[in-house]
Structures are given as C-alpha cells and as structure tokens.
Amino acid sequence: MTSTVPTAAHPEQPSQSAQPAAEAELPPLTMAGPDFPFGYDDFLAHPAGLGSVPATAHGTEVAVIGGGLSGIVAAYELMKMGLRPVVYEADRIGGRLRTARFEGCGDAEGLTAEMGAMRFPPSSTAFRHYVDLAGLETEPFPNPLAPTTPSTVVDLKGKSHYARTLDDLPPVFHEVMEAWNACLEDGADFSAMQRALRERDVPKIREIWSRLVEQLDDQTFYGFLCAAPSFASFRHREIFGQVGFGTGGWDTDFPNSILEILRVVYTGADDDHESIVGGSEQLPLRLWEHAPDKLTHWPQGTSLKSLHEEGRHRPAVTRLYRTAGNRLTVTDADGAIRTYPAAVFTAQSWMLLNQIDCDEALLPADHWTAVERTHYMESSKLFVPVDRPFWLDSAVDDEGNATGRDVMSMTLTDRMTRGTYLLDDGPDKPAVICLSYTWCDDSIKWLPLDANERMEVMLRSLGEIYPKADIRSHIIGSPVTVSWESEPWFTGAFKANLPGHYRYQRRLFTHFMQDTLPEDRRGLFLAGDDISWTAGWAEGAVQTALNAVWGVMHHLGGSTDPVNPGPGDRYEELAPVELPED
Ligand SMILES: Cc1cc2nc3c(=O)[nH]c(=O)nc-3n(C[C@H](O)[C@H](O)[C@H](O)COP(=O)(O)OP(=O)(O)OC[C@H]3O[C@@H](n4cnc5c(N)ncnc54)[C@H](O)[C@@H]3O)c2cc1C
C-alpha cells in the first residue's frame, strides 16, 4: 500500500527528500508503534545480542511452524542462541514473499514477478536489518507519482488524467489531498503523533493513542471520513477511495477499522517504497542458508539449512497437540511425530481452524475467539513479460505528431484492473507489467477466471485507457497470476482488523507474554504478520518473530543482557492500551 496523495507530513511529494527542513532534522520515522513502541531496530543492532538460554538448554529442539519470513527470522535467531529450530513448511520457504519467474520466454527467463510483497518502506527498519544481513540490494519502486516513476495516469469514470507530478492533476485531486490531510490532523493528531514516533516519546505516543483507540475502535475507515467536515463531499470521498491514497484503491479498505489506516499513515508505511533487486523471496532463502558470524553452541558455519536433515525443512504440520509435561507434539504430512518443549506458530492463524487438527488446550479460550474473529483481505495480481519497456516510447496524436507523453503509464483506474505497474530493467531489455493488482471485492471479481482469461479482460480494460498502445504485441510469455484467497495454505493476502477488533488484536499480539497464563497454556508462541499490528507489512512478520524468540528464550529459562532489554523486558512500560471488556 502506498500513498498517491501525500499525507500531512509530506505536502509536496511522497518522498523523504522533499520533507520540510525542520522535519528532516528529526530522527527517521519507523514502524515501531504506536501500539507497542519498542525499538526493534535498536534491539537488533545492539552488540549484546538478543539474549541467551542456559547451557543445559543448548541443542534443544524448538518447532517453528511456517517457513515464511516470520518463521525463518524466528528460527535464525533461535539457532543463534544455541537452540535447534525444526522448521515445518507446507509449501515453499518464503511464504508470502513469493517471487515468480517466467518460463519458456528466452531472454525474459531472468525476469521476476512479486506475487506477494513487492515494495517496502524505509520505515520498516527491523525488516531492513535482515535485508542488509542477507546482502540484498534495493531500488525505488515505481509507485504512482513517485519521483522515479516516469508518468502516472489516473483514469476515473472514463476520463484519463496524465501526470508526471501531483501538480499536473486537476484541482479536485488537490482538494481531496487537502481534505485527507485536514481529517488526519483534526481527527487523529497526525503531526503530533508522527513527531512522537520519530522521537520515540513513549508517554506522548501513549497519550495520543490511548485516546484514539478508545474513540475510534468502533469506527470504520469510511465512517472516519464521513465524520470529518473536510470530507463532507461525497465526490471527494469517492475520488479519495478510488485513487487518493493507496495504489490499488483504498475504497476496498473502507469497511476496515480506521485504526488500521492510522497505523499505516503515522509510520510512513506507505511512503518511499523500495523493491528488492532480484526478488523478495531471496531474503528468507538467504537467511535459511546464512551462517551467522556469532552464534552460541553450534560450530562456525552452521546454518538453518545445515541443521536440517538433507538440508530440507519438514513438510506441513497436520496435527498439533499438548502432551504430558507441558510438551507440544507435532505430526507432519510425512506422518513423523515429534515432541517439543516450545513451538512458534507463524502460518496464517486460520490454519489452526481448518488445515491442522488442533488441541483446544493449545490456546486460552479468549485467544481462540481472537483467532476466529481474524478478518482477511483478498488480493489478486497478474504479471506478463514484455519485450522491452515500450511504455516509454513517445505517444502520437491522430495526426502522427509526438505528444510529449509516454505511450503508457503507471495506471490507477476504477476499471477492473485498478492498479497497473510498469517494471523495467533498463532500455531495450525485457520488462514486466503487473497488469492488475487488486484487493478485496476487486480481487474476488477475478476468481472465476484462469490466467489467460484474466489477461484478456485486463488488456480490454487497459485498451479503453490506451487505445493506441498495442500491449499485446509486446507480450513474450504466458501470464503468471495469484489470488491469495484460493491458495491452499493461505486464507487471503493479509489480515485487516474490522471495527471492534482492537481487543482481539491485543490478545494475539501480547500472547508472547505468558507468565500470567496457566502453566498448561504456555510454550506455544504465535507470530507472523497476522499477530502484528501491521498485517500486510513484512515488518510486522519480523517484529512478532522477535517477540516469539523472546518468549521462547524466557520460557526455556533464558534472559537478555540487561544492556539490551527485549520486548518482554520492556513490556510493562510499553504494553498496548487495554480497553475494558465489560
Ligand atoms: C498480495 C500481497 C502484497 C503484499 N504487499 C506487501 C508490501 O508491499 N510490503 C510489505 O512489507 N508486505 C507486503 N505484504 C505482506 C508480507 O508479504 C507479509 O507480511 C509477510 O510475507 C508475512 O510473513 P509471515 O511469515 O508472517 O507469513 P507467511 O509468509 O504467510 O508464512 C507462513 C508460512 O506458513 C506456511 N504454512 C501454512 N500452513 C502450514 C502448515 N500446516 N504447516 C507448515 N507450514 C504452513 C505457509 O506455506 C507459509 O509459507 C503483502 C502480502 C501479500 C499477500
């Protein structure tokens, strides 16, 4: 999700380089907070490390269920502590960091398509720690109106607007931007919160956020807009919903809790996106093979891969039960049964309801309710490889004169495609078009169609916007597509809390703090972006993995170095706001 119309803190362009001077002098914005403002980045960077377990626990097996980013980060850090993570993965390492390749199209075989996460904000600093550790490079992602995006077309109700910068768009888009900035400022103390987040001013963050959580937990995104005097105009709300903020159309998020949206805009999660050169899937794959410089118990050169039999993760978990002595017993798809003193569960939490035969004793009843109430957003994407970035050719008018415009642009539209992204690797080299990226109802519209049928509808839709661009003549390979809601080991793209869900979310996030749970409910730790405050962002997958690592360490009698306290050590000070249950 990214910002088309800049938010209050970025009045000129959605780029940090364009920040006002006073703001640029402040510390950078990070995705730590507002719910649990723990500095995961500082924790990770500290030379004292993340903590240790008693020597008697070294070599102890810990089950890590799910080999997405969260599971791999948790396993990697547990290995560094001298534990032996056993990773179970139903499909492939990477999960929703899934990079597809195009087969059978010659030069284009090296091209990639990000089926899940494809762009990451600089504020996802814990995520960035691992990107750097894995030695991966990033580059600007061509979001609408981003400084490096050659051009953007906004096509609404059959009318197209061509723009290189926001200034090129008609006044109504500026009015929408002003309405959005005003409602954030008036209804959500936007500037004050961003400043507090930058300064990691915990009392201030808590003061603002506790008031807003109480006021707004029962409010939808759309309700928040409607209640704002600046958004009195339906037309403004409609334009805003379709293109005003977010690359795929934020109207699909209108039923979600406004708290979800505030988390995104406060933390700059939608600003200045970068993609990972060569594909995001490389991150978990490299961590799987990475031998840490510093690790306890294991010989130098040990990696997650080397700790697993034949270098392979275990298959899908089919059964998860508690057994005597507060143990967790895992059965996998090969029929193997193993028992562990602790387990980290990182798959989407509905897997506990449908794909895995679970013991009710795994979680307290309140946590089961929270799992059951989890709400997911659907998402579909389709990519095609093309011979070259033909969109940069100069468009001509009916008389054959050059118009000075690109033949085709990054496109936001209210048509079926919603968001189209143009991804090139340099002039005259094969390139990729994401013909369509959609969420929620817009994603479900694609479900009955296979990849080729989807492509046909998309080409028809884009043909209405670009009658002179012969996209089809440039396509050099078959389309690749995904709808996350119909993938076997997933229940949607990512969780999105609905109004009234704050308490459920709090239960899931705080589950790593188990001292107050009955002893026979401890030892299983939930992690993954489902459990985080920022589902849909890889940062949440990393942050909750680190919480789970702290939880396992504590459960096995370990502790952090006092000079580098972990999320659990600082919990009392930072704990998320609690709303009354009665
Ligand atoms: C369409 C889309 C767009 C996104 N865009 C962005 C973006 O632009 N920026 C960003 O930061 N984030 C984005 N995200 C979110 C990001 O991809 C996730 O936050 C992150 O990848 C989640 O990692 P995870 O480990 O928590 O979960 P997952 O990656 O889902 O990992 C869970 C793993 O569990 C496995 N599993 C399931 N059942 C079992 C079982 N029974 N046994 C064993 N394993 C099992 C699954 O196969 C999966 O590999 C996007 C996600 C999607 C889907």
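1. How far does a backbone N or O atom of Leu69 lie from an oxygen atom of the ligand? The gap comes to 3.2 Å. Keep in mind as you read on that this is a predicted model. Two other backbone contacts with the ligand are worth a look. Ala538 puts a backbone N or O atom 2.8 Å from an oxygen atom of the ligand, and a polar backbone atom of Val317 sits 2.9 Å from a nitrogen atom of the ligand.

2. How much of the ligand does the protein cover? On its own the ligand would expose 1000 Å², and the protein buries 99% of that area. There are 40 residues around the ligand, and the ones that come nearest are Glu89, Arg96, Arg119, Asp529 and Ala538. You have met Ala538 already, through its backbone contact at 2.8 Å.

3. Now go to strand β1, residues 61–65. This strand is mostly covered, with four of its five residues buried. On one hand, β1 pairs with strand β2 (residues 84–88) in the parallel sense, over five bridges. If you want a spot to check by eye, find Ala63, which stands opposite Val86 in β2. To get from β1 to β2, the chain passes through helix α3 (residues 69–80), and this β-α-β crossover is right-handed.

4. Strand β1 has another parallel partner to look up: three bridges join β1 to strand β12, residues 343–345. Here the pair to click on is Ile65 and Phe345, since Phe345 is the bridge partner of Ile65 in β12.

5. Next, some backbone oddities. As background, most residues other than glycine have a negative phi, and most peptide bonds are trans. Against that, the peptide bond from Gly33 to Pro34 is cis, with omega near 5°. You'll find Pro34 in the loop between α1 (21–24) and α2 (40–45).

6. Two residues go against the usual sign of phi. Lys157 is not a glycine, yet its phi is positive, about 50°. Look for Lys157 in the loop between β6 (152–156) and β7 (159–163). Asp189 is not a glycine either, and its phi is also positive, at about 45°. Asp189 belongs to the loop between α5 (171–188) and α6 (190–199).

7. Are Lys157 and Asp189 buried or exposed? Lys157 has 61% relative accessibility, so this residue counts as exposed, the cut-off being over 50%. Asp189 has a relative accessible area of 27%, which makes this residue partly exposed.

8. Which residues does Gln514 touch, once neighbours within four places in sequence are left aside? The list is Arg521, Arg522, Gly523, Leu524 and Phe525. Gln514 itself is in the loop between α16 (502–509) and β23 (524–526). Don't let the word "loop" fool you into expecting an open position here: Gln514 has a relative accessible area of 5%, and because anything under 20% counts as buried, Gln514 is buried.

9. Last stop: Leu392, in the loop between β15 (379–386) and β16 (394–396). With 39% relative accessibility, Leu392 counts as partly exposed. Leaving aside neighbours within four places in sequence, Leu392 is in contact with Pro150 and Asp406. Try drawing a line from Leu392 to Asp424 as well: the two are 32 residues apart in sequence, and 9.9 Å apart in space from C-alpha to C-alpha.

Notes. Residues are numbered from 1 along each chain as its sequence is written. This is a predicted model: local features need pLDDT of at least 70, side-chain atom pairs count only at pLDDT 80 or more; totals for chains, interfaces and linings use all residues. Side-chain values use heavy atoms; hydrogens and water are left out. Buried means under 20% relative accessible area, exposed over 50%, partly exposed in between (1.4 Å probe, protein chains only). Two strands pair if DSSP finds at least two bridges between them. A crossover is right-handed if, with the strands pointing away from the viewer, the path from the first strand over the helix to the second runs clockwise. Contact means heavy atoms within 4.5 Å. A residue is near a molecule or strand if one of its heavy atoms lies within 4 Å of it. A polar contact is a pair of N or O atoms within 3.5 Å; within protein, one must be able to donate a hydrogen and the other to accept it, and residues adjacent in sequence count only if both atoms are side-chain atoms. Accessible areas come from the Shrake-Rupley method with a 1.4 Å probe; for residues, only the protein chains shown count as cover.
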